[in-house]
Amino acid sequence: MLSVEKIHSYYGQAHILTDVSLALSTGEVVVLIGRNGAGKSTTIKSIMGMVKVTEGDISFDGEALRGEPTHRIARRGIGYVPEERRVFTRLTVQENLEAGQQPPREGAPRWRFDDLFDLFPNLAEARHRLAGTLSGGEQQMLTIARTLMGNPGCILLDEPSEGLAPVVVEQIIKVIQQIKAQGLPILLSEQNLYFASLVSDRAYVIETGRIRFSGTMHELEENAEIRQQYLAV
Amino acid sequence: MSVYLVQFLSGLASASALFLAASGLSIIFGVTRVVNFAHGSFYMLGAFFGYTFVREVGGGGIGFWFALLLAALAVGLVGLVVELVILRRLYKAPELFQLIATFGVILIVQDVALWAWGAEDLLGPRAPGLTGIVRIFGTPMPVYDLALIAAGPLVLAALWLLFNRTRWGILVRAATEDREMVAALGVNQSLLFTGVFVLGSMLAGLGGAIQLPKGGADLLMDFGILAEMFVVVVVGGMGSILGAFLAAVLISLLNTFGILVWPDGTLVLMFILMAVILVVRPTGLLGRPETAGHKAEAGFETALRPAGPHYKLFIAAVLALLLVLPVLVGEFYLILVIDILVLALFATSLHFLMSTGGLVSFGHAAFYGGGAYAAALLVTYAATPFELALLLAPLGAGLLALVIGWFCVRLSGVYFAMLTLAFAQVAWSIVFQWSDVTNGDDGLLGIWPSAWASGTLVFYFLALVIAVGGIFLIRRVIFAPFGYGLRATRDSTLRAAAIGIDIKRQQLVAFVFAGAMAGLAGALFVFSKGSVFPDEMSIPRSFDALLMVLLGGVESLSGPFVGAAAFTYLHDELITFEYWRLLLGLTIVALVLLFPQGLAGAAKHYLGRYLKLEAEPTGAAVTKREVREA
């Protein structure tokens with residue numbers, strides 16, 4: 001349903017992505033894996049229209065997205081969970097969720113406040129606290145919940161485990177699995193192969209702005225050469 | 001005792017209009033990051049519209065208030081047009097373009113108001129039913145003041161509800177923090193920006209309208225309220241509405257009581273208060289530090305490079321032309337070129353501060369005028385010879401810059417800019433109000449050069465040598481290690497500090513140097529005209545300098561020269577028209593929209609491909625061009 005075909009992206013004059021293609025279908029979790037600076041976030045931002053894409057096509061459910069302004073891309077059903085969380089620190093948890101609210105979408109799961117508070121019990125307790133006072137893990141949960149409030153048709157999850165304690169990462173894995181169980185496809189960007197292997201069905205390996213490998217998670221785990229070349233630190 | 005109580009209430013009453021206007025400015029800045037200089041003009045328009053509407057529909061108690069609301073709506077409409085036609089195209093441009101564009105709007109509004117309502121001050125209509133006087137322990141006080149006192153908190157409460165109890169308000173607050181993220185959640189930013197701008201404009205309009213019965217309407221209201229609004233917003237804390245309210249009350253009380261204590265010094269008092277508060281709390285009473293976190297992509301800035309061979313040839317040609325100019329043109333044009341040279345030095349000093357130092361000053365005329373006054377005072381009171389005065393003037397201006405800069409470099413970004421404006425206003429009001437020494441508005445006259453330099457031809461060459469010498473000195477500093485350090489400070493204060501640069505000291509030195517160079521230009525100016533008036537220190541003069549820099553283009557080192565020439569030419573051409581401000585304003589807006597890189601910047605952009613305007617890069621620095629070619 002989400003398809004990225006041969007895109008080239010630029011930051012100002014710097015050519016970041018070359019010929020990047022990927023696809024995401026209903027019900028699957030796909031990981032975009034690579035080292036720091038490989039182009040994971042740029043790929044996701046390209047889909048969201050936050051980075052200049054000069055060539056190639058991006059479409060969702062058959063509708064072209066490339067060149068559309070960010071807010072329209074979001075309204076087409078692409079939910080974006082940014083890296084570094086980016087909660088609105090001076091708004092309460094409840095207000096953060098309200099800011100993410102969009103009308104329900106046909107064919108996509110519908111999320112209400114109560115569904116989200118079931119999924120993230122911590123947030124229910126912190127409902128009236130300022131988001132800036134939450135812990136890093138709670139903020140990450142809040143960004144995911146905020147995006148779900150938009151009733152998206154798919155989710156782009158940018159490095160959700162970054163800088164979080166292992167126990168929090170475990171919670172995030174659970175959340176991803178629960179979202180997946182609702183049939184919502186997820187494109188996950190990640191550096192950590194182990195984390196990725198716990199939730200993903202398929203993988204794309206990215207390095208210096210090019211896709212170097214694509215296959216099932218199992219194939220990637222079997223392929224020592226690719227792992228060594230592009231993922232070993 | 002009751003006198004003080006009434007004075008206190010009267011202070012609260014004048015706080016209301018100020019709060020309304022300032023809160024609008026604060027809200028607009030918070031979301032769009034545009035410092036709307038035209039906000040004072042919106043306030044003025046509110047008063048004028050209110051005047052007209054009260055006359056047309058204002059019969060009776062309800063009609064009066066209805067007319068004021070109508071005035072606010074009309075100003076909101078003006079804001080809508082300004083946002084849609086001008087600002088919307090400039091959100092991605094550097095902040096300065098928005099400033100200059102809104103400055104253009106000020107000029108346009110001034111002349112439109114002059115055309116529509118005439119030059120006479122208009123006496124405000126009285127509010128039906130509230131025309132009387134109430135006695136508070138025997139001291140009389142207008143009833144309308146009580147209505148004004150109520151208006152401030154009422155609007156504050158309404159704004160609080162709007163921002164905390166509606167989804168629109170929540171989105172606005174979210175956008176204040178992280179605009180891009182709000183867009184990524186599916187919210188149309190443009191719509192949000194337009195809405196916020198209209199709301200802010202309406203508040204300014206309402207502020208101007210409700211003070212009608214007290215202050216009437218006149219053409220000086222725009223700049224009059226502008227400085228006060230800045231002080232309120234900065235003291236209260238950018239983006240904080242409650243802070244704006246507290247600050248408005250504080251400032252108004254200071255004004256009303258200050259008038260009892262020190263009648264001539266109210267302006268100065270206000271700015272001293274601001275300086276003290278900002279030194280103690282750099283983000284204002286209730287402001288929060290600027291989050292540097294997630295700005296929208298600013299794009300790559302072209303690195304400054306020393307002149308390339310073609311460019312050097314070009315400069316040499318211009319210099320040669322300037323040298324032989326007296327043979328080619330008559331005295332009239334020679335004087336015009338002297339003006340250009342003086343302004344070019346002035347603009348270059350500001351450009352240095354802005355582009356190399358990253359310090360945008362709204363009050364650079366303080367040092368230009370400071371230098372001019374230093375020279376004039378030395379000549380008038382100490383019978384200082386011309387040559388010595390010319391030398392001491394930049395020192396005087398540098399000293400002034402040292403004092404002002406000491407406060408200002410503690411702040412950054414828009415706070416820095418506003419504080420420089422505030423200090424420039426203090427400097428102006430001292431010169432304006434201290435008439436025993438400075439002759440006030442009448443200026444200092446008869447400040448001429450020595451006999452040997454008094455001929456136009458000699459003075460032309462003198463001005464040429466000094467202005468060009470000054471510009472080359474500034475250029476030299478830009479490409480000296482000091483300039484590199486300054487640029488590092490501009491690009492990342494944290495990283496610069498980490499490699500051992502004393503940031504505040506670096507910025508202060510740059511500020512003083514720029515001030516001294518502006519002072520040199522000011523001294524040249526005073527000797528070329530023979531007189532100086534407080535206007536040379538005023539806010540509009542500071543804007544002239546900003547305008548010249550922007551006309552020329554911020555990224556181009558020769559920009560200020562081109563800008564000064566274009567400005568002088570434009571000014572000279574337009575001044576003959578009755579509505580020259582309107583024409584100048586329209587020209588500014590058109591230039592900003594058409595040439596976002598400035599004139600010299602645009603020329604460099606289009607010619608740079610064919611000519612070697614910049615020196616080849618040394619070392620392995622990867623810049624725009626290499627990346628493009630790679």
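Helix 11 of chain B gives the most to a nonpolar patch on the surface, contributing three residues. The patch shows up in a predicted model, and its members are B:V3, B:Y4, B:I259, B:L260, B:V261 and B:W262. Put together, these residues have about 620 Å² of accessible area. Two elements of chain B give two or more residues to the patch: helix 1, which spans residues 2-32, and helix 11, which spans 241-261. One of the patch residues, B:L260, sits in helix 11 of chain B. Its relative accessibility is 46%, so B:L260 counts as partly exposed, since the exposed class begins only over 50%.

Now for the charged side chains. Searching the whole structure, over all chains, turns up 17 salt bridges. One of them pairs A:E159 with A:K40, with 3.6 Å from N to O. What does this pair tie together? A:E159 lies in the loop between strand 7 (154-158) and helix 7 (166-181) of chain A, while A:K40 belongs to helix 1 (residues 40-47) of chain A, so the bridge ties together parts that are 119 residues apart in sequence. Are the two partners buried or exposed? A:E159 has a relative accessibility of 5% and counts as buried. A:K40 is buried as well, at a relative accessible area of 3%. Both calls follow because the cut-off for buried is under 20%.

Chain B has a long-range pair too: the side chains of B:K529 and B:D339 meet in a salt bridge at 3.0 Å, N to O. Here B:K529 comes from helix 22 (residues 503-529) and B:D339 from helix 14 (residues 331-356), so the link joins distant parts of chain B, 190 residues apart. B:K529 has a relative accessible area of 33%, which makes this lysine partly exposed.

A further salt bridge in chain B brings together the side chains of B:D491 and B:R490, with an N to O distance of 2.8 Å. B:D491 is exposed, having a relative accessible area of 55%, whereas B:R490, at 26%, is partly exposed. The two fall into separate classes because exposed means over 50% and partly exposed covers the range between that and the buried cut-off.

Salt bridges can also join up beyond a single pair, as chain A shows. Which residues are linked in a network of salt bridges? They are A:E63, A:E68, A:R72 and A:R76.

Terms used. Residues are numbered from 1 along each chain as its sequence is written. Chains are lettered from A and ligands numbered from 1 in the order in which they are written. This is a predicted model: local features need pLDDT of at least 70, side-chain atom pairs count only at pLDDT 80 or more; totals for chains, interfaces and linings use all residues. Side-chain values use heavy atoms; hydrogens and water are left out. A salt bridge is a side-chain nitrogen of Lys or Arg within 4 Å of a carboxyl oxygen of Asp or Glu. Helices (H or I, at least four residues) and strands (E, at least two) are DSSP runs, numbered from the N terminus. Buried means under 20% relative accessible area, exposed over 50%, partly exposed in between (1.4 Å probe, protein chains only). Patches are made of residues with over 30% relative accessible area and no salt bridge: like charges are joined within 9 Å, nonpolar side chains (Val, Leu, Ile, Met, Phe, Trp, Tyr) within 5 Å. Accessible areas come from the Shrake-Rupley method with a 1.4 Å probe; for residues, only the protein chains shown count as cover.
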